[in-house]
Amino acid sequence: FGQKVDYGFLSQDSLLKLSAQEEENLKEGAVLRAVRSGERIEVGEEITSSGGQGIIYASVDSRYVIKLYRKEARTKHTAEKLKKLIEFRNTNPAICWPCDVLETYNGVFVGFIMPKVDGKNLYSLTTNPARVMHKYPRFDRVQQVNMVLEILNLFKFLHDINVIVGD
């Protein structure tokens, strides 16, 4: 009560804008620059567009994928967060961690590179036990509980390094 609140932090979340031409070219075939390595990165074919923040694309290097943010999710705050994330050297192979930040050649943040992983939607393995047993007949209750315990240990690892999982 009676104290003024500084809302200056909200400017950190302002949108990062590309020219109409850059926005149009931000798709398969686009050539971007990796910030940390300085490498030239070419965007491969679209893998999935179902994410709310962005679209996942293949990379020329099959060990990695590229996430390009949609224009409404491309903010200063997201760019700074990703730059902080790549400073941390993740040693846990079970965690898919961003490797490098991607920018246009004009220096505008557009996404990041991360290791490619294959697997199933987590929901399909942790839902109703009868449904899981029907879909995965050799996946017994003990395996299901062990998997959930492994996931909880990964959350603990992340929390121990001050990363909150919100998705």
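This is a conversation between a student and a tutor about a predicted model.

Student: What makes the sheet a barrel, and in which order do the strands run?

Tutor: The 6 strands form a closed barrel in the order 1-2-3-4-6-5, with antiparallel pairing. From one strand to the next, the twist averages 45°.

Student: How do you know that strand 4 and strand 6 pair?

Tutor: Two strands count as paired if there are at least two bridges between them, and strand 4 and strand 6 are joined in the antiparallel sense over 5 bridges. Within this pairing, Lys67 has Phe112 in strand 6 as its bridge partner. Helix 2 (residues 76-87) packs on the sheet, where it touches strand 4, strand 5 and strand 6, and its direction makes about 145° with that of strand 5.

Student: What makes strand 1 and strand 5 a pair, and how many bridges join strand 5 to strand 6?

Tutor: Strand 1 (residues 31-34) pairs with strand 5 in the antiparallel sense over 2 bridges, and the cut-off is at least two, so the pair is accepted. Ala34 has Leu102 in strand 5 as its bridge partner. Strand 5 and strand 6, which also run antiparallel, are joined by 4 bridges, and Asp100 stands opposite Ile113 in strand 6. The hairpin of these two strands has 5 residues between them, and Gly107 takes a positive phi near 85° there.

Student: Why are both faces of strand 5 called covered?

Tutor: In a regular strand the side chains alternate between the two faces of the sheet. In strand 5 (residues 100-103), Asp100 and Leu102 lie on one side and Val101 and Glu103 on the other, and all of them are buried, so both faces are covered.

Student: Why is the pair of Tyr69 and Phe109 called tilted?

Tutor: Rings pair if their centres lie within 6.5 Å, and planes under 30 degrees apart count as stacked while those over 60 count as edge-to-face. The ring centres of Tyr69 and Phe109 are 5.5 Å apart and their planes stand at 40°, so the pair is tilted. The pair links distant parts of the chain, with Tyr69 in strand 4 (residues 64-69) and Phe109 in strand 6 (residues 109-115), 40 residues apart. Tyr69 and Phe109 are both buried. The count of aromatic pairs comes to 3, and ring pairs link Tyr69, Phe109 and Phe112 into a cluster.

Student: How do you know that Cys96 is in no bond with Cys99?

Tutor: A disulfide needs two cysteine sulfur atoms within 2.5 Å. The closest cysteine sulfur to that of Cys96 is in Cys99, 7.5 Å away, so the distance is too far for a bond. Cys99 is likewise in no disulfide, and a search of the whole structure finds 0 of them.

Student: Are these cysteines buried, exposed or partly exposed, and why?

Tutor: Buried means under 20% relative accessible area and exposed means over 50%. Cys96 has a relative accessible area of 33%, so Cys96 is partly exposed. Cys99, at 23% relative accessibility, therefore counts as partly exposed.

Student: Why is Asn92 called buried or exposed, and what does Asn92 touch?

Tutor: Asn92 has a relative accessible area of 17%, which is under 20%, so Asn92 is buried. Asn92 has its place in the loop between helix 2 and strand 5. A polar atom of the Asn92 side chain lies 2.9 Å from the backbone nitrogen of Ala94. Not counting residues up to four places away in sequence, Asn92 touches Leu154 and Phe157.

Methods: Residues numbered from 1 in each chain as written. Predicted model: local features only at pLDDT ≥ 70, side-chain atom pairs only at ≥ 80, totals over all residues. Heavy atoms only, no water. Phe/Tyr/Trp six-rings, centres within 6.5 Å; stacked < 30°, edge-to-face > 60°. Buried < 20%, exposed > 50% of the residue type's maximum accessible area, 1.4 Å probe, protein only. Axes fitted to C-alpha atoms, helices over the stretch in contact; angles between N-to-C directions. Contact = heavy atoms within 4.5 Å. Polar contact = N/O pair within 3.5 Å; in protein donor to acceptor, adjacent residues only side chain to side chain.
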